[in-house]
Every structure is written in C-alpha cells, then in structure tokens.
Amino acid sequence: MRILITGGAGFIGSHLCDLLITKGHTLVVVDDFSTGSRANVQHLAQSEVFTLVEQDVVAQPIVMDGPLDAVIHLASLPSPVDYLGNPVQTLLTGSTGTHHALELARAKGARFLLASTSEVYGDPLVHPQTESYWGNVNPIGPRGVYDESKRFAEAMTMAYYTKYDLDIHIARIFNTYGPRMRLNDGRVVPNFCRQALRNEPLTVFDDGSRTRSFCYVSDLVRGLYALLLSEVHEPVNLGNPQEMSILEFAQLVIELAHSQSEIAFSAADGDRTTDDPKTRQPDITRAKEMLGWEPQVSVREGIATALAWFAERV
C-alpha cells in the first residue's frame with residue numbers, strides 16, 4: 001500500500017514507519033516538527049519508499065499527488081508540555097487537522113486510521129475502561145484541550161463513516177513508552193528515566209497511588225497495523241492491561257537503572273495534575289477478539305530497553 005501518515009516523525013509515528021516499511025509499504029510522512037523530529041526518521045531518508053513532507057496539517061488542506069491506500073492521522077500534541085503551552089493549536093489539530101486528513105482519505109478512497117487516546121475516558125468512574133464507557137472529562141479544565149480534541153476527532157471520524165461510508169478505524173491509545181521519546185516532554189516515563197539516570201530524586205505527586213498501564217511502543221504499533229487492516233470500525237483500546245501505581249513504577253525504574261535515586265513526594269503540580277486520572281487500565285477484550293492482538297513485551301523488559309536508550313542521551 002501507499003500510506004500517508006500525519007505526525008509520522010513523532011515518537012509513535014516513527015516506530016510505525018519502521019514497521020510499515022518492513023511490511024513492504026510505501027510511506028509519505030507529513031509533519032511540522034512541532035513535537036516530532038527529523039532525527040526520528042533520518043535512518044529512512046534515503047529509502048526509495050519513504051517521502052517526508054514538512055507541513056502543518058491545520059494551516060492548509062493536505063494535497064497529495066497519486067493514489068493513496070490509507071491515511072493514518074497521528075498528528076497531535078499529546079504531552080503536558082505541549083498541550084498546556086499550546087492549547088488552541090491542540091484543539092485545532094484535533095478538529096481542523098482531523099478534517100483535513102479525513103478529506104484527503106475521502107478524496108483518495110483510502111482507509112483512515114485515527115490515533116485517539118485513553119484520555120477520552122478522562123478521570124474514569126469505570127475500571128478497567130471498556131470502549132463502551134463514555135468518559136468523565138472536564139471540558140474547561142487545563143487537560144480538556146487535549147481530551148476534547150480527541151473526543152471531537154472521534155466524533156468527526158465516525159461522521160465520515162456514517163455520512164460517506166469511509167473505511168475508518170479508531171485506536172484509543174493508552175500510555176506508551178520506548179526509545180525516541182523526548183526527555184523533556186513532561187510524561188512520567190522520560191521524567192523518571194532522566195531522574196534515575198542522574199541519581200536525582202524521582203518526583204512522585206501526592207502519595208503515588210494513581211495508576212497507569214504502560215505499553216511498549218513495538219507492541220502498540222503492531223496493534224495499530226492490525227487495526228488498519230481490519231474491518232473493525234468501532235473504537236479499539238490498545239494498551240497493556242498490566243496496571244501499576246506510579247510509586248511502584250518509580251521503584252521499578254530505580255531498580256532497573258541501578259540508581260541511587262530516592263522517591264521525592266510532592267504536592268499536586270497545578271495545571272499538570274488538575275483532573276489527572278486516578279486510575280488507568282485498558283480492557284483489551286475487543287482487541288484480542290477482533291484483532292488477535294495483545295502486548296508481548298513485559299514492563300520490566302521494555303523499561304530496561306528504554307533506559308538504555310535514554311542513558312545515551314542523558
């Protein structure tokens with residue numbers, strides 16, 4: 001297939017590029033490098049099946065010569081540093097950017113995959129989270145710009161399915177980690193890895209009892225590919241159901257990094273922790289039954305690999 005990926009130079013996008021090329025596909029990556037990096041795809045630059053286009057998907061429609069078999073919309077501002085600093089752009093990427101990507105798919109008769117997020121569930125009142133849960137989101141809170149951008153993107157994507165019979169797919173991505181994450185993007189994995197490798201205290205907010213479920217990036221992109229090729233049009237959770245508290249995760253990072261770091265408990269940090277979900281765990285029954293997918297990389301194995309990558313950059 002010839003596949004266009006918005007945000008393909010980002011953390012997840014670049015790993016998806018690697019997988020798709022090994023599967024024999026031709027790629028066109030559209031990225032404005034606001035959160036992605038040329039370095040993430042530099043190893044693909046000389047490939048005859050890889051094209052990189054610098055463009056903001058919000059600023060103008062996406063125009064592409066030749067046929068396209070699939071459009072994958074990954075462009076987003078997913079980290080706290082990004083969406084808190086650029087709230088309007090975050091909302092526009094989920095709305096106008098999604099519209100431009102959908103219009104391209106419709107014009108080309110291509111299948112469409114939206115990278116949504118577990119954040120559509122907000123601070124969940126249902127645990128674990130199933131795709132049938134509508135969520136508990138504060139639309140005017142500081143996190144709302146990201147949560148609502150993805151909720152709107154899902155609604156628009158489904159509207160193209162019902163109105164135009166577009167072949168759409170929606171992935172709700174849970175916490176994902178691995179090489180090529182930015183050290184300063186404000187998320188817990190790079191934060192803890194950086195602090196542990198420097199033997200600095202690991203900052204844990206409140207008592208560390210909030211939970212997350214961490215999925216290694218190679219598992220995640222396998223799930224995205226399986227969903228792209230499927231006939232499933234309902235949203236599908238993609239994540240690792242192995243739930244652990246933030247405190248447990250901090251202790252694991254210290255152990256695997258052979259660090260002298262200690263835990264530093266801290267009070268909630270303003271906008272960054274307002275409406276922060278208390279629990280997060282995907283129910284992946286739909287992914288197992290409809291895609292034959294589940295994670296294979298253990299958290300211990302994945303964090304060890306991520307730490308080795310971060311160690312070269314700290």
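1. Let's start with Gly-85, which is exposed, with a relative accessibility of 52%. That is a call on a predicted model, as is everything below. The cut-off for exposed is over 50%, so Gly-85 makes it into that class. You'll find Gly-85 in helix H3, which covers residues 80-85. Try picking out Ala-45 as well: Gly-85 and Ala-45 sit 40 residues apart in sequence, and their C-alpha atoms are 30 Å apart in space.

2. Next, the cysteines. How many disulfides does the structure hold? The count is zero. As a reminder, a disulfide is a covalent bond between the sulfur atoms of two cysteines. For Cys-17, the closest cysteine sulfur belongs to Cys-215 and is 18 Å away, so the gap is too far for a bond. Cys-193 tells a similar story: its closest cysteine sulfur is also in Cys-215, at 16 Å, and that is too far as well. The cut-off here is 2.5 Å between the two sulfurs. Both residues are tucked away from the surface, with Cys-17 buried at a relative accessible area of 0% and Cys-193 buried at 0% too.

3. Now have a look at helix H7, residues 217-228. From its first C-alpha to its last, H7 reaches 16 Å, which is close to the 16 Å expected for its 12 residues at 1.5 Å a residue. How much of H7 is covered? Mostly covered is the verdict, as nine of the 12 residues are buried. Among the buried ones are Val-217, Leu-220, Val-221, Leu-224 and Leu-228. Don't assume that list is made of greasy side chains alone, though: Asp-219 is buried in H7 as well, and so is Gly-223.

4. There is some empty space inside too. The count is one cavity of 30 Å³ or more, and the largest cavity holds about 70 Å³ of space. Which residues lie nearest its centre? They are Ala-75, Ser-76, Thr-93, Gly-94 and Lys-150, out of a lining of 14 residues. Helix H4 (87-108), strand E5 (111-117) and helix H5 (144-164) each give two or more residues to that lining. By type, the lining of the largest cavity splits into six nonpolar residues, seven polar and one charged.

5. The loop between E5 and H5 deserves a stop. Pro-128 lies in this loop, and the peptide bond joining His-127 to Pro-128 is cis, with omega at about -10°. Gln-129 is in the loop between E5 and H5 as well. Is Gln-129 buried or exposed? Its relative accessibility is 0%, so Gln-129 counts as buried. The side chains of Gln-129 and His-127 are joined by a polar contact of 3.3 Å. Zoom in on His-127, Pro-128 and Gln-129 and you can see the cis bond and the contact in one view.

6. Last, two backbone angles to check. Arg-180 has a phi near 80°, a positive value in a residue other than glycine. Arg-180 is in the loop between strand E7 (176-177) and helix H6 (188-197), and at 19% relative accessibility it counts as buried, because the cut-off is under 20%. Asn-199 also has a positive phi, near 60°, and again the residue is not glycine. Asn-199 belongs to the loop between H6 and strand E8 (202-205). With a relative accessible area of 42%, Asn-199 is partly exposed.

Notes. Residues are numbered from 1 along each chain as its sequence is written. Side-chain values use heavy atoms; hydrogens and water are left out. Buried means under 20% relative accessible area, exposed over 50%, partly exposed in between (1.4 Å probe, protein chains only). Helices (H or I, at least four residues) and strands (E, at least two) are DSSP runs, numbered from the N terminus. The expected span of a helix is 1.5 Å times one less than its number of residues. On a 1 Å grid over the protein atoms alone, a cavity is a set of points where a 1.4 Å probe fits but cannot get out, and a pocket is an open set with protein on both sides within 12 Å along at least five of seven lines; lining residues have an atom within 4 Å of a point. Grid points are joined across faces, edges and corners, and a volume is the space filled by probe spheres set on the points. Ala, Val, Leu, Ile, Met, Phe, Trp, Tyr, Cys and Pro count as nonpolar, Asp, Glu, Lys and Arg as charged, and the others, Gly among them, as polar. A polar contact is a pair of N or O atoms within 3.5 Å; within protein, one must be able to donate a hydrogen and the other to accept it, and residues adjacent in sequence count only if both atoms are side-chain atoms.
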